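Student: Could you take a close look at one part of this model for me? I would like to hear about the cysteines first, and then about whatever else you can connect to them.

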Amino acid sequence: METDREVVAMAVQRVASMLQRPDQLDKVEQYRRREARKKASVEARLKAAIQSQLDGVRTGLYQLHNALGDVKDIQGSLADVSKDWRQSIDTITSLKDVKDVVVQHSQLASAVENLKNIFSVPEIVKETCEMIEQAELLQAHRRLMDLECSRDDLMYEQFRLDSKNAHDMNLIRNYFGEVQGLSEELAKQLWMLAERGLVTVRRDPTMLVSVVRIIEREEKIDRRMLDRQKQTGFIPPGRPKRWRARLFQVLEATVNARIEGSQPETRESDKMWLVKLLEITRRNVLDDLLVVKTLMVQCFPSNYNIFSVFFNLYHRGVSACVQELAAEELESNEIVSLLTWVLNTYKSAEMMGHPELRSECDVETLEPLLPQDVVSRLLSKYIQTFTSNITGWLRKALDTDKKDWQKSTEPEADQDGYYQTTLPAIVFQMFEQNLQVAAQIDEAFKEEVLRLCLKQMNSFLRRDSINSLRMKYSRTKEATHNDAAIENSLNEVAREGCQFLLDEVFLDLEKLLSDLLTKNWLAGSNTTDAICLTVEDYFNDFAKIKKPYSEEMTRNAQRRVVVEYLQAIMQKRISFRNAEERKKGAERMIKEATQFRALFQKLSSSHDSDHLCDAIAAIAEVFNLTDPSLLYLEVSTLVSKYPDIREEHIMTLLAVRGDASRDMKQMIIETLSQNKPSAAASIPPVFRDIAVTSTVPKLLK
């Protein structure tokens with residue numbers, strides 16, 4: 001067979017592998033004995049496996065034989081059971097009458113059990129009413145539960161007997177009709193105590209505990225009745241009562257009434273009505289929450305989370321109250337009072353953030369009392385009113401000052417005896433008072449009011465200018481030496497204002513400027529684009545500045561941008577490693593110099609500062625030079641254009657270039673020192689104010 005041939009072939013191959021060398025023929029007998037032992041071992045394992053299989057088969061056959069016998073026995077037993085069941089059908093049918101008697105017996109047993117309560121319902125109702133009037137609530141509720149239990153058991157048994165018999169069900173319901181009224185009367189007492197809970201818990205906390213115990217009893221009965229309804233379909237009248245949910249509704253109504261009842265006066269009777277209302281609300285809410293935390297929490301089970309419930313109820317109630325106030329036609333001072341209270345006082349330690357409350361609830365998780373759109377509307381309304389008022393205040397202040405100067409009495413004098421006007425002090429005080437009020441809301445709003453004050457002051461100066469007053473009230477139309485001093489003072493104020501605005505621009509540019517001449521910049525960042533866009537955006541906002549000042553701001557901005565750019569080079573934020581990087585950096589510098597030049601030409605009609613941007617391009621040419629032997633000529637050109645460039649500047653440029661040897665640096669410095677050009681008066685200095693980050697040792701004494 002094929003298998004035999006394969007075995008023989010494998011054997012031949014194995015023998016051939018063992019007898020490949022002549023010296024192995026001496027071991028033939030040893031190989032034969034080894035193979036004989038292996039064969040005997042395999043045959044023994046095979047016999048053992050076959051024997052194990054035979055034993056398993058034998059056991060399986062024995063178990064199958066036993067199972068067959070068991071099946072036959074079960075079949076016989078089932079046949080006997082079926083026979084007995086058929087014979088007992090008639091017996092089961094004959095027991096229907098017994099079943100009916102059992103149901104009737106159950107009903108009678110329930111009736112007998114409740115017989116005492118059934119016959120004494122009027123008496124128990126009367127006693128329970130007296131207990132309720134005498135505030136014996138727990139005992140009254142126990143009597144009520146007994147009556148309801150008797151009624152419900154009877155109705156349940158009637159429901160089981162005949163659920164469609166409405167007559168008997170109504171008969172039971174009518175007999176116990178006063179029980180429902182008793183339950184409602186007890187509920188009224190509970191809700192009255194709940195409404196006065198903050199007072200009750202101070203005087204007699206046991207009354208509040210009784211209220212909670214009664215509600216918990218009713219909650220358990222509700223759950224039991226609902227479970228039985230799922231099983232039988234029967235639910236007693238008035239169930240579920242849901243008194244716990246009703247309790248929370250009563251507490252919410254109480255909190256709302258407490259907050260709404262805080263208004264003592266109206267605007268017509270008291271100008272400070274809103275301040276008083278907010279203070280009363282703050283005091284009441286804080287006092288109530290402290291009572292809840294220290295006293296009321298002890299009267300409620302922990303699963304009620306009663307402090308969190310009151311905390312949220314008061315928050316919603318206060319929110320509704322302030323939203324109603326915000327919808328009224330508030331005056332400007334009332335807007336400030338309301339927003340200060342809403343944005344600052346409410347979450348402070350004086351109210352919801354009180355140290356004793358902070359451990360229970362996090363005020364930062366509370367929703368805002370007023371939506372942001374309402375806050376924005378109020379702020380906008382305040383700004384409009386303030387703008388209108390400040391114009392009138394300034395005009396009135398000027399009229400008052402003018403009248404003071406026209407009086408026959410001498411004007412006020414300072415400590416040195418000089419006449420002085422009170423107008424600056426009045427205007428300053430007026431602005432400061434409004435800024436102090438605005439600061440009560442938040443810093444951003446204070447800044448907005450400050451900008452408005454400055455804007456209105458600027459309009460005030462333009463409208464009632466010194467020149468117009470002089471021309472109107474002075475006898476001579478010619479300018480005096482005082483006019484120049486006043487003009488210089490106003491110009492100095494204007495320049496300081498422009499400088500402040502320019503500082504704000506460069507404060508915004510600080511991060512972008514710090515990215516210039518870095519590895520990120522060399523890799524292709526859009527830093528310069530962002531700088532140009534930012535500057536242009538700010539100067540669009542400065543478009544209303546008078547031309548002399550706007551031109552000066554543009555020149556100063558251009559100089560500061562270029563100086564910051566050159567300063568970035570001198571700080572050695574980057575050092576070019578090869579010619580490719582030098583070329584890439586130089587090309588970018590030339591491009592960015594062009595961008596700056598175009599930007600500031602767009603912002604200014606004057607082009608007398610273009611040499612500033614040319615300095616960037618000139619340095620780029622030093623970096624872009626591919627032949628180091630010509631480096632001296634390129635540096636000489638740079639020095640001739642900008643004579644104020646110093647030795648340390650040149651050393652830094654050569655260090656940033658990265659390929660100048662020490663000898664070459666020394667040669668360039670020595671040659672330039674010997675042929676130093678004279679400073680050209682027509683070229684404003686560029687490098688004079690640019691410092692070098694680290695001290696560069698001088699190569700030439």
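**A close look at Cys532 and its surroundings in sequence**

Tutor: Happy to! Keep in mind that this is a predicted model. Let us start with Cys532, which is buried, with a relative accessible area of 10%. Does a buried cysteine have a bonding partner here? A disulfide is a covalent bond between the sulfur atoms of two cysteines. For Cys532, the closest cysteine sulfur belongs to Cys613 and lies 9.3 Å away, so the two are too far apart for a bond; the cut-off for a disulfide is 2.5 Å. A search of the whole structure agrees, as it finds zero disulfides. Cys361 is another buried cysteine, with a relative accessible area of 13%.

Now to helix 22, which covers residues 527-541. Asp541 has its place in this helix, and Asp541 is exposed, at a relative accessible area of 56%. Asp541 also belongs to a negative surface patch, together with Glu447, Glu504, Asp508 and Asp537. Two helices stand out in that patch: helix 20 (481-513) and helix 22 each supply at least two of its residues.

For a contrast with the exposed Asp541, turn to Val212 in helix 10, which spans residues 205-232. Val212 counts as buried because its relative accessibility is 4%, and the limit for buried is under 20%. Val212 also takes part in a long step along the chain: Phe300 is 88 residues away in sequence, yet the C-alpha atoms of the two are 6.6 Å apart in space.

Methods:
Residues are numbered from 1 along each chain as its sequence is written. This is a predicted model: local features need pLDDT of at least 70, side-chain atom pairs count only at pLDDT 80 or more; totals for chains, interfaces and linings use all residues. Side-chain values use heavy atoms; hydrogens and water are left out. Buried means under 20% relative accessible area, exposed over 50%, partly exposed in between (1.4 Å probe, protein chains only). Patches are made of residues with over 30% relative accessible area and no salt bridge: like charges are joined within 9 Å, nonpolar side chains (Val, Leu, Ile, Met, Phe, Trp, Tyr) within 5 Å. Accessible areas come from the Shrake-Rupley method with a 1.4 Å probe; for residues, only the protein chains shown count as cover. A salt bridge is a side-chain nitrogen of Lys or Arg within 4 Å of a carboxyl oxygen of Asp or Glu. Lys and Arg count as positive and Asp and Glu as negative; His and the chain ends are not counted. The place of a charge is taken as NZ of Lys, CZ of Arg, CG of Asp or CD of Glu. Helices (H or I, at least four residues) and strands (E, at least two) are DSSP runs, numbered from the N terminus.
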